[in-house]
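Reader: I've got a model on my screen and a pile of labels that came with it. Can you walk me through where they come from?

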Amino acid sequence: MAVIGGIMVPHPPLIVPEVGRGQEILIKDTIKAYQEAAGMAAELKPDTIVVISPHAVMYADYFHVSPGKKARGDFGQFMAPQAGEEAVYDEAFVRELDGLCGEDDFPMGTEGERKKELDHGTLVPLHFIHQHYRDYKLVRIGGSGLSFAHHYRAGRYIAIAAENLGRRVFIVASGDLSHKLRGDGPYGYSVQGPEYDERIMDVMGKAEFGELLAFSESFCEKAGECGHRGFTMMAGAMDGKAVMPRRLTYEGPFGVGYGICTFRVTGDDDGRRFLETYESCRKEACKKRRMEEDAYVSLARAVPVSPEELAKKAAELVQIAREYLRYVWTGNC
């Protein structure tokens with residue numbers, strides 16, 4: 001067994017009635033699509049559900065996997081402590097994943113837990129899934145400040161762990177799209193906001209996962225999104241797999257984009273190993289730049305310089321700077 005499917009879903013707390021207090025009616029299409037996506041998860045009957053949340057513990061250079069036996073969380077920070085969810089962790093899966101990454105020295109594991117409670121990026125998907133299905137164990141993973149390519153690799157480790165354990169694994173990539181769709185929204189307007197949402201919905205609606213690696217990080221930052229890294233990790237978990245995508249809905253009435261897509265794994269497809277293609281293209285682009293570079297740059301690259309020589313040259317530059325400053329201070333300039 002291995003990864004059997006996944007969903008891309010948003011996590012607005014107000015979608016939960018106890019939080020929204022009626023406002024959730026403004027995103028009724030998202031609620032309907034969420035129910036359909038959760039129903040698909042139940043239909044596939046996974047042993048393990050992996051939730052990737054940007055609001056779980058997050059580090060700049062490390063992917064945190066939540067340890068422990070179980071966890072609970074509620075919407076207290078959104079004035080609704082009576083609404084919450086609880087889940088049992090898949091400890092064996094977490095150990096396998098931690099071990100795989102440790103063997104390869106990949107920066108992913110259970111170290112550095114700061115907050116045990118389930119975050120709202122996890123709670124909102126579970127709110128819908130639990131209405132349809134509860135016979136599973138949870139794995140919760142946070143994003144990181146590492147590159148999109150690193151997130152894709154992290155997803156591949158999830159898939160390897162699933163295969164090693166014979167688990168039926170379902171991925172939930174929890175993330176809102178742009179937070180900058182409208183001037184009266186919570187984060188104002190950015191021209192990159194609507195552009196990002198249109199582009200990401202096209203990519204995910206067609207399961208063209210290789211395109212996720214082509215987004216520039218600066219563009220994503222200007223768009224104010226919070227799900228791209230999670231979407232990319234989910235894509236990595238389906239690396240080399242044939243996928244049947246469905247775009248269910250998109251709306252953004254509050255100035256934040258909410259998109260839902262579903263993905264069923266239907267078999268193997270070696271033509272969908274997108275990270276290998278991406279890295280091959282980068283190497284070719286680098287090779288082409290070197291072939292076109294100035295002769296002096298090529299010469300500088302070709303001439304080896306030892307660390308000792310670099311240190312000597314640096315000391316000489318410092319001495320020149322000191323002599324110049326002494327010349328200026330004595331009024332000779």
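**What the labels rest on**

Author: Sure, and let's start with a pair of strands: strand S1 (residues 3–9) runs antiparallel to strand S10 (residues 258–268), with four bridges between them. Glycine 5 sits opposite arginine 264 in S10. Keep in mind that this is a predicted model.

Reader: What makes S1 and S10 count as a pair?

Author: The bridges do. Pairing takes at least two bridges, and S1 and S10 have four. So by that cut-off they pair.

Reader: How do you know that S8 pairs with S1, and in which sense?

Author: By counting again: S1 and S8 share six bridges, in the parallel sense. The cut-off is at least two, so they pair. Methionine 8 stands opposite alanine 173 in S8. S8 also pairs with strand S2 (residues 48–53), in the parallel sense and over five bridges. There, isoleucine 49 faces phenylalanine 170 of S8.

Reader: Why is the pairing of the sheet called mixed?

Author: S1 pairs with S8 in the parallel sense, while S1 and S10 pair in the antiparallel sense. Six strands make up this open sheet, in the order S7-S2-S8-S1-S10-S9, and its pairing is mixed. The edges are strand S7 (137–142) and strand S9 (241–251), each of which pairs on one side only. On average, neighbouring strands are turned by 15 degrees against each other, direction ignored.

Reader: Which helix packs on that sheet, and what makes you say it touches the strands?

Author: Helix H6 (residues 192–205) packs there, touching S1, S9 and S10. Contact means heavy atoms within 4.5 Å, so that is what touching rests on. The direction of H6 makes about 145 degrees with that of S9.

Reader: Why is strand S8 described as largely enclosed?

Author: Because six of the six residues of strand S8 (residues 169–174) are buried. Val169, Ile171 and Ala173 point one way, Phe170, Val172 and Ser174 point the other way, and all are buried.

Reader: Threonine 262 has a polar side chain, so to speak; is it buried or exposed, and how do you know?

Author: Threonine 262 lies in strand S10. Its relative accessible area is 5%, and buried means under 20%, so threonine 262 is buried. Its contacts include Gly6, Ile7, Met244 and Leu248, not counting residues up to four places away in sequence.

Reader: What about serine 66, buried or exposed?

Author: Serine 66 is in the loop between strand S3 (63–64) and strand S4 (70–75). Its relative accessible area is 2%, which is under the 20% limit, so serine 66 counts as buried. Leaving out residues up to four places away in sequence, serine 66 touches Tyr89, Val94 and Arg140.

Reader: And threonine 122: buried or exposed?

Author: Threonine 122, in helix H4 (residues 120–129), comes out at 0% relative accessibility, so it counts as buried. Not counting residues up to four places away in sequence, it touches Val51, Ser53, Leu138 and Arg140. Threonine 122 and valine 51 are 71 residues apart in sequence, with 6.4 Å from C-alpha to C-alpha.

Reader: Why is cysteine 226 called buried?

Author: Its relative accessibility is 19%, and the cut-off is under 20%, so cysteine 226 still counts as buried. Cysteine 220, at 2%, is buried too.

Reader: How many disulfides are there, and what would make one?

Author: Zero. A disulfide needs a pair of cysteine sulfur atoms within 2.5 Å.

Reader: What makes a group of residues a nonpolar core, and how many residues has the largest one?

Author: The members have to be buried nonpolar residues joined through side-chain atoms within 4.5 Å. The largest such core has 53 residues, and Leu97, Met108, Ile158, Met204, Phe209 and Phe263 have the most contacts inside it. Helix H5 (residues 148–165) gives the most to this core, with nine residues. Apart from it lies another core of 38 residues, among them Leu14, Ala87, Tyr133 and Val256.

Reader: Which residues does methionine 108 contact?

Author: Among them are Tyr62, Phe63, Leu97, Ile141 and Ile158, leaving aside neighbours within four places in sequence.

Reader: And how much of the whole protein counts as buried?

Author: Of its 333 residues, 48%.

Methods. Residues numbered from 1 in each chain as written. Predicted model: local features only at pLDDT ≥ 70, side-chain atom pairs only at ≥ 80, totals over all residues. Heavy atoms only, no water. Helix = DSSP H or I, 4+ residues; strand = E, 2+ residues; numbered from the N terminus. Axes fitted to C-alpha atoms, helices over the stretch in contact; angles between N-to-C directions. Buried < 20%, exposed > 50% of the residue type's maximum accessible area, 1.4 Å probe, protein only.
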